[in-house]
Amino acid sequence: QIEKLETELILEREKKNLNREQAVSTERNNFRETKELSALVSLYKKAQLELARHQDELEQLVAERTRKLERANGKLSGTVEEQRKLADQLQFRLKLDKVILEVSSDFINQPVEKTDEGISIALEKTAELANVPRSSVYMLTEQNDSVLHTHEYYSEDEPQKNRKHDVHDDCFNLYSEILHQQKEIILSRPSDLRVLMENKIEFDDNDFRAFIAIPMMQAGMIYGALALYGPIGKSNIWAPELVAFLKIIGGVLVNALERKMSELALRESEEDYRDLVEKAGLAIFIDGMDFSFHYFNQRFEELFGYTRAELGRLGLLDLVYDADREMIQKNHHNRFHDLEAPTHFEFRGVRKDQSVVHLEVDVVELRSDGKLMATRGYLWDVTRRVQSERAIQESEERYRSLVENFIDIVFIANLHWD
């Protein structure tokens with residue numbers, strides 16, 4: 001029993017030692033695990049801190065990127081808006097160029113009788129392009145002391161009541177002075193008009209309409225003005241491109257009006273000249289380098305006895321006496337080659353009935369840009385004078401022959417025997 005007890009005691013001790021060793025081992029394992037866990041916790045905290053730092057950096061990068069994107073988006077929006085504005089301006093300029101081309105083309109080879117109609121069409125196109133209800137042309141009087149309202153266009157949506165009187169009608173004395181100084185009048189707001197008039201006129205802002213008047217110039221001289229009126233009660237900013245366009249259109253209208261006045265004056269002058277020529281009794285013709293007729297009057301037809309149709313098939317040389325043709329050809333050749341040639345001389349012509357007529361001619365050169373294009377001749381029928389001179393000469397020769405062959409003394413004396 002003692003041995004059994006000792007054996008149990010030994011076993012019990014070994015069991016305690018084993019438990020102690022297991023406890024120590026467990027404690028060691030727990031310590032190692034605790035240490036490892038602590039290290040993991042430290043790593044975790046460190047990772048959290050690193051993550052927080054990276055998150056802050058990321059947020060900063062995102063914020064910076066967002067700001068850059070916002071700036072880029074702002075620039076892009078500005079660029080898009082700017083491009084849109086540029087596109088609108090380009091489209092507007094294309095419309096301006098189209099109207100300029102159309103208006104200019106309308107006046108080319110247009111009869112002067114349709115000039116006023118053409119100006120009305122140009123005013124309509126100009127008003128539609130500028131999106132205004134009214135456009136006008138004003139011309140200066142010959143004394144340059146006032147302005148005449150010569151042409152006008154109203155859009156269909158412009159009320160009749162707005163056509164009777166306008167606030168600008170009360171300002172035209174000053175407008176006239178400004179236009180005579182070859183200056184533009186550009187009024188966009190009611191305050192612009194008050195400043196221009198130095199508050200000397202009173203008007204309601206609702207009665208104001210934007211106004212622009214551009215002097216119509218040619219060769220440094222002012223002929224009038226082209227004016228646009230905006231809608232009643234509204235301000236309007238006149239674009240620089242529109243101002244330049246109005247100057248061009250004004251120049252086109254001036255050219256058309258100048259051409260009209262010149263052609264009408266020329267017609268009147270031609271009628272006066274034709275009347276004078278027909279009544280002067282002179283035979284007048286115009287011929288070219290090849291002696292073909294460009295013009296002849298009725299007296300020329302009567303002088304040679306040909307009809308107008310017959311003369312149209314003839315040339316000057318066909319009407320010249322054979323013996324005088326060489327002289328006429330030489331004078332004509334020298335004249336067209338800038339050589340010396342007489343401008344006043346006599347020659348013999350041949351009428352349709354083959355009778356010979358003695359003619360005296362004055363030749364005038366018709367030049368263009370310094371080049372001789374044709375000659376104009378004024379003919380006098382001097383046949384009677386030549387015949388009289390010839391008869392006198394023959395009489396003198398007979399008298400001289402008689403006197404020289406007379407055997408007595410012959411003398412001539414007056415009543416006083418001088």
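Glu-346, Glu-360, Arg-385 and Glu-389 are joined in a network of salt bridges. A salt bridge here is a side-chain nitrogen of Lys or Arg within 4 Å of a carboxyl oxygen of Asp or Glu. Side chains of opposite charge can pair when their charged atoms come close. The structure holds 23 salt bridges.

This is a predicted model, in which local features need pLDDT of at least 70, side-chain atom pairs count only at pLDDT 80 or more, and totals for chains, interfaces and linings use all residues. Residues are numbered from 1 along each chain as its sequence is written, and side-chain values use heavy atoms, with hydrogens and water left out.

**Three salt bridges**

| Acidic residue | Basic residue | Closest N and O atoms |
|---|---|---|
| Asp-205 | Arg-194 | 2.8 Å |
| Glu-302 | Arg-299 | 4.0 Å |
| Asp-322 | Arg-325 | 3.7 Å |

Where do these pairs sit? Helices (H or I, at least four residues) and strands (E, at least two) are DSSP runs, numbered from the N terminus. Asp-205 forms its salt bridge with Arg-194. This pair links distant parts of the chain, 11 residues apart: Arg-194 is in helix H4 (190-196), while Asp-205 is in the loop between helix H4 and strand E4 (211-218). Glu-302 and Arg-299 share helix H6 (residues 298-304) and lie three residues apart, about one turn of the helix. Asp-322 and Arg-325 are separated by about one helical turn because they are three residues apart in helix H8 (residues 322-336).

How open are these residues? Buried means under 20% relative accessible area, exposed means over 50%, and partly exposed lies in between (1.4 Å probe, protein chains only). Asp-322 has 58% relative accessibility, so it counts as exposed. Its partner Arg-325 is partly exposed, at 32%. Glu-302 is partly exposed at 45%, and Arg-299 is partly exposed at 27%. Asp-205 is partly exposed at 38%. Arg-194, at 25%, is also partly exposed.

**A pocket**

The second largest pocket holds about 200 Å³ of space. Its lining has 13 residues, and the closest to its centre are Asn-131, Val-132, Pro-133, Ser-155 and Asp-157. On a 1 Å grid over the protein atoms alone, a pocket is an open set of points where a 1.4 Å probe fits, with protein on both sides within 12 Å along at least five of seven lines; lining residues have an atom within 4 Å of a point. Grid points are joined across faces, edges and corners, and the volume is the space filled by probe spheres set on the points. The lining divides into seven nonpolar, three polar and three charged residues. Ala, Val, Leu, Ile, Met, Phe, Trp, Tyr, Cys and Pro count as nonpolar, Asp, Glu, Lys and Arg as charged, and the others, Gly among them, as polar.
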